[in-house]
Each structure stands twice: as structure tokens, then as C-alpha cells.
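Please look through the structure shown below and follow it step by step, beginning with how two helices pack and ending with some individual residues in the loops.

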Amino acid sequence: MSAADKSRCGDARAAAAPASAPTPGADKPARSASALARNEELARAEKMRREFTANVSHEMKTPLQVISGYAELMANGLVPPEDVPRFAQLIYEESQAMRALIDDVLILSRLDEMAPGADEAEAVDLRAVAERVVGRLTKLAADADVEVHLKAEPVTVQGNETLLKQMIYNLVENAIRYNREGGRVLVEVCEEDVPAGEGASGEGGVRIGIVRVNDTGAGIPADKLEKIFERFYRLEKSRSKELGGTGLGLAIVKHAALYHGGEVFVESEEDVGTRFTVRLPIG
């Protein structure tokens, strides 16, 4: 052991040793404050669970009513034969909306229960994931008259590929759905250096993986930027439902980034567009 090692070990032992015998009950205020903080956190978590359950029930009620109502009319022979295909299409669309909602609820519930790194991490190529996502969304982009471009470098992070794919998918899908006709979406994947003190934990001087999704949509008002990651928050409720949004996509993006030790930022200018940036640690 070197002199420097001995010095550090000695410092550690000295710091751990009490300067004097503890006074009985001296740590009670600290324990009480800690218990109070834990109770407050538990109360907040319980309130969030109750609100989440209420919101899920409310969101499911509408498609269920539509499906039940149209199915009852068809079962009772009250739908003219020429209208049956239209009613069947409406039932199909509402069932798909419910399926999407259930899928997103299950993903969020899983993220709530998983501690960061709980799954065995695997090497994930973000460029390959982004390429698959853009490929899956080609038809949606064509139907919306939106061009999607991918500019990607090889970037490998350790994590859960399914969650990372869902995170990128939600960002790109939103950029397409809430764009304008003739609009553009640019998806970027690259590595960048984080200056000291700017990382999620205050660390810096490290390489991080970046996923950016830029769109030319209507933009987000400045006073709404902090709210868009809340569960079931929608800027335009009627338009969101018309476009098939569940209100959970960006909440999944935020929690998936946090699960991987990363963070997500949003910049937007009304009538110009929006940029989402996800930073993920490499290694």
C-alpha cells in the first residue's frame, strides 16, 4: 500500500469515527425529519396512483361506449346493410385506440416498478433502432404529407432495447402527427461531449449518446413546455384524440430516459417547430 493510500484510508477512518460519545436521543430530530420526508413521498406516490387510475378509467370509457353502442345497433339489426362497413370501421378504430392506451399504460406501469438498471443491460445500437422506427412510420408520414429524414452516426448505449425503441418511436410519431402538411421531421443520432457540471448528475467531460427529433409543426407555448411530460396532458384535447394520441407518449419518453440514467429536453417556438433532445450515458 502506498503512502497516499494509507493517507486516504486513515482519512476515511477518522471521518467515520465520532468526535465524542453520542448524546442519547440526539439523532431523534434527524430521524423524525427523515420519516416525515418518507411519509410525504409515499403520500405523493399514492395520490399519483389514484389520479392515474381515475384518468385511465376515464380515457377507456369513451371508446368502450362507442364500441358497445355500435355493436348493440348492429346486433339488433338497426343498421342498414350499406352502413355496416362504416360502423365496423368505427368499432375497429375505437378498439385500436383502446389497445394503444392499454399498451402505454402497461409500459408506464412497468417503468414505475422498475428500478434503474433492474433489467440486465445489453448493448443497443441507437442508429439501428432509429432506422427501424423511421421505417415503421413511413406510411404514417406519407399519409400526413410529412417528410422524415434520418441523420445518424453509430452510437451504442447500455440499456433496454424495447424501452429505447418505444422512446424514439413516440418522439418521431408525435413529430409526424402534430406537424403540418408538407412539413419535415429530422431525426438525429450522434455522440457529444458534456461539459463539466452539465450532466444529469452534475458530472461532465464525458461522451453521451444524443437522440434529437426536430419538427416543423405549430410549436408549443412556452408556458406549456413543463406540462407536456405529465401523464394524460394534451395541448389540444380534441385534436389529440382525432389524431390517435393517448396522452402518455411523452410521459413514457421521460421515464424511459430516466430509467437509462439520461434526461430529455424540449425547445419550441410557436409557428416554427419543436425539438426534443434525449441525452443518454454511454458505457
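**Two helices, a sheet and its loops**

In this predicted model, helix α4, which covers residues 126–136, packs against helix α6, which covers residues 161–177, at an angle of about 50° and with the two axes 9 Å apart. Two packed helices are described by the angle between their axes and the distance between the axes. Angles from 65 to 115 degrees count as roughly perpendicular and those under 35 degrees as roughly parallel, and α4 and α6 are therefore oblique to each other. Their crossing is right-handed. On the side of α4 the contact is made by L126, V129, A130, R132, V133 and R136, while α6 contributes E161, L164, K165, I168, Y169 and V172. Sorted by kind, the residues of this contact comprise eight nonpolar and four charged ones, with no polar residue. When you trace such lists of positions, it helps to remember that an α-helix has 3.6 residues a turn, so residues three or four places apart point the same way.

From the helices we can turn to the sheet. It is an open sheet of five strands in the order β2-β4-β5-β7-β6, and the pairing is mixed. At its edges are β2 and β6, each of which pairs on one side only. From one strand to the next, the twist averages 20°. Strands of a sheet pair through backbone hydrogen bonds, either parallel or antiparallel.

Which way do β5 and β7 run with respect to each other, and how many bridges join them? These two strands run antiparallel and are joined by eight bridges, and within this pairing I210 has R279 in β7 as its bridge partner. The strands β6 and β7 also run antiparallel, with seven bridges between them, and here V266 stands opposite F276 in β7. β6 and β7 form a hairpin in which three residues lie between the strands, and D271 in the turn has a positive phi of about 70°.

The loop of this hairpin, between β6 (263–269) and β7 (273–281), also holds E270. With a relative accessibility of 46%, E270 counts as partly exposed, because that label covers values between 20% and 50%. If its neighbours within four places in sequence are left aside, E270 is in contact with A218, G219, I220 and P221. One of these, I220, is 50 residues away from E270 along the chain, yet the C-alpha atoms of the two are separated by 5.8 Å.

The next element to find is helix α8, made of residues 249–259, which is mostly covered, since eight of its eleven residues are buried. The buried residues are G249, L250, A251, I252, V253, A256, A257 and Y259. They pack against α3 (84–113) and α6, and also against the strands β6 and β7. Just after α8 comes G261, which takes a positive phi of about 75°.

Helix α3 also contains L108. Is L108 buried or exposed? It is buried, because its relative accessible area is 0% and buried means under 20%. Between L108 and H255 there are 7.8 Å in space, C-alpha to C-alpha, although the two residues are 147 residues apart in sequence.

Two further loop residues can be compared in their backbone and their surroundings. D145 is found in the loop between α5 (138–143) and β2 (147–152), and its phi is near 55°, a positive value in a residue other than glycine. F232 belongs to the loop between β5 (206–215) and α7 (237–242), and although it is not a glycine, F232 too has a positive phi, of about 70°. Their accessibility is described by different words: D145 is partly exposed, with a relative accessible area of 45%, whereas F232 is buried, with a relative accessible area of 9%.

Definitions and conventions:
Residues numbered from 1 in each chain as written. Predicted model: local features only at pLDDT ≥ 70, side-chain atom pairs only at ≥ 80, totals over all residues. Heavy atoms only, no water. Helix = DSSP H or I, 4+ residues; strand = E, 2+ residues; numbered from the N terminus. Buried < 20%, exposed > 50% of the residue type's maximum accessible area, 1.4 Å probe, protein only. Contact = heavy atoms within 4.5 Å. Axes fitted to C-alpha atoms, helices over the stretch in contact; angles between N-to-C directions. Parallel < 35°, antiparallel > 145°, perpendicular 65-115°, else oblique. Left-handed = near helix turned anticlockwise from the far one by under 90°. Nonpolar A, V, L, I, M, F, W, Y, C, P; charged D, E, K, R; others polar. Pairing = 2+ DSSP bridges.
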